[in-house]
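Student: I am new to this structure. Can we go through it in short steps?

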Amino acid sequence: VQLQASGGGLVQAGGSLRLSCGVSGINLRSIIIYWYRQPPGKQRELVASISGGGSINYVDSVKGRFTISRDNAKNTVYLLMNSLKPEDTAVYYCNTEFWGRYYWGQGTQVTVSS
C-alpha cells in the first residue's frame, strides 16, 4: 500500500487549493482515508476522513470550507480547501490503516499568506 499526497502550495488568504492523495496497492472502497495536517511547531491533527462507504467527517475548524471526495476510478482522494486562512498553514498528510498497519503519504506543504 502506498499513498502519495500532492497539490500543496502558496496561496493568499481567501484562496483555494485542491490536494490529492493517490492510493496504490488497495482499492479505496476497502479503506478509510484520513487527511491530517501539522502546523509549524504543533502536533499533527486530523482534518477530514472519508470511508469506503462514503461516510465523511471534518474537524470543526474546516467545516463549510473544506470538502473531501474520492474518485474510485482513479483511486484518488481529494481535499478541496476553500476560504483558506493563515492558520491553515501546515504540512498536509494522507493516511490509512489496513490490517493493523498505518500508511502515510509523504506530506505536501500548504502555506497561506495574510
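Tutor: Start with a definition: a disulfide is a pair of cysteine sulfur atoms within 2.5 Å. Keep in mind that this is a predicted model.

Student: How many disulfides does a search of the whole structure find?
Tutor: The sulfur atoms of Cys 21 and Cys 94 are 2.2 Å apart. The cut-off is 2.5 Å, so Cys 21 and Cys 94 form a disulfide. The search of the whole structure finds one.

Student: What is the handedness of the disulfide of Cys 21 and Cys 94?
Tutor: Look at the torsion about the S-S bond of Cys 21 and Cys 94. That torsion is about 80°, so the disulfide is right-handed.

Student: How many residues apart in sequence are the parts that this disulfide ties together?
Tutor: Cys 21 lies in strand E3, residues 17-24. Cys 94 lies in strand E9, residues 90-98. The pair therefore ties together parts whose separation in sequence is 73 residues.

Student: Is Cys 94 buried or exposed?
Tutor: Buried means under 20% relative accessible area. Cys 21 meets that description, and Cys 94 is likewise buried.

Student: Now the aromatic rings. Are the rings of Tyr 34 and Tyr 36 stacked, edge-to-face or tilted?
Tutor: By the ring-centre rule, the count is four aromatic pairs. In the pair of Tyr 34 and Tyr 36, the centres are 6.3 Å apart and the planes are at 50°. Planes under 30 degrees apart count as stacked and those over 60 as edge-to-face. The angle of 50° is neither, so Tyr 34 and Tyr 36 are tilted.

Student: And which kind of pair do Phe 98 and Trp 99 make?
Tutor: Their ring centres are 6.3 Å apart. Their planes meet at 85°, and over 60 degrees is the cut-off that matters, so the pair is edge-to-face.

Student: Is Trp 99 buried or exposed?
Tutor: Phe 98 has a relative accessible area of 27%, so this residue is partly exposed. Trp 99 has 77% relative accessibility. Exposed means over 50%, so Trp 99 counts as exposed.

Student: Which residue has its charged end over the ring of Trp 104?
Tutor: Tyr 34, Tyr 36, Tyr 93 and Trp 104 form one aromatic cluster. One residue lies over the face of Tyr 93, 3.9 Å from the ring centre: Arg 44. Over the ring of Trp 104, at 4.6 Å from its centre, sits the charged end of Arg 44.

Student: Which backbone oxygen does the side chain of Thr 76 reach?
Tutor: Thr 76 lies in strand E8, residues 76-81. Its relative accessible area is 11%, so Thr 76 is buried. Leaving aside neighbours within four places in sequence, the contacts of Thr 76 include Cys 21, Leu 28 and Asp 71. At 2.9 Å, the side chain of Thr 76 reaches the backbone oxygen of Lys 74.

Student: What is phi of Asn 75?
Tutor: Asn 75 is in the loop between strand E7 (66-71) and E8. With a relative accessible area of 14%, Asn 75 is buried. Asn 75 is not a glycine, yet its phi is positive, about 50°.

Student: Where is Ser 83 found?
Tutor: Phi of Ser 83 is also positive, near 50°, in a residue other than glycine. Ser 83 has 41% relative accessibility, so this serine counts as partly exposed. Ser 83 is found in the loop between E8 and E9.

Notes. Residues numbered from 1 in each chain as written. Predicted model: local features only at pLDDT ≥ 70, side-chain atom pairs only at ≥ 80, totals over all residues. Heavy atoms only, no water. Helix = DSSP H or I, 4+ residues; strand = E, 2+ residues; numbered from the N terminus. Buried < 20%, exposed > 50% of the residue type's maximum accessible area, 1.4 Å probe, protein only. Phe/Tyr/Trp six-rings, centres within 6.5 Å; stacked < 30°, edge-to-face > 60°. Lys NZ or Arg CZ within 6 Å of the ring centre and 35° of its normal. Polar contact = N/O pair within 3.5 Å; in protein donor to acceptor, adjacent residues only side chain to side chain. Contact = heavy atoms within 4.5 Å.
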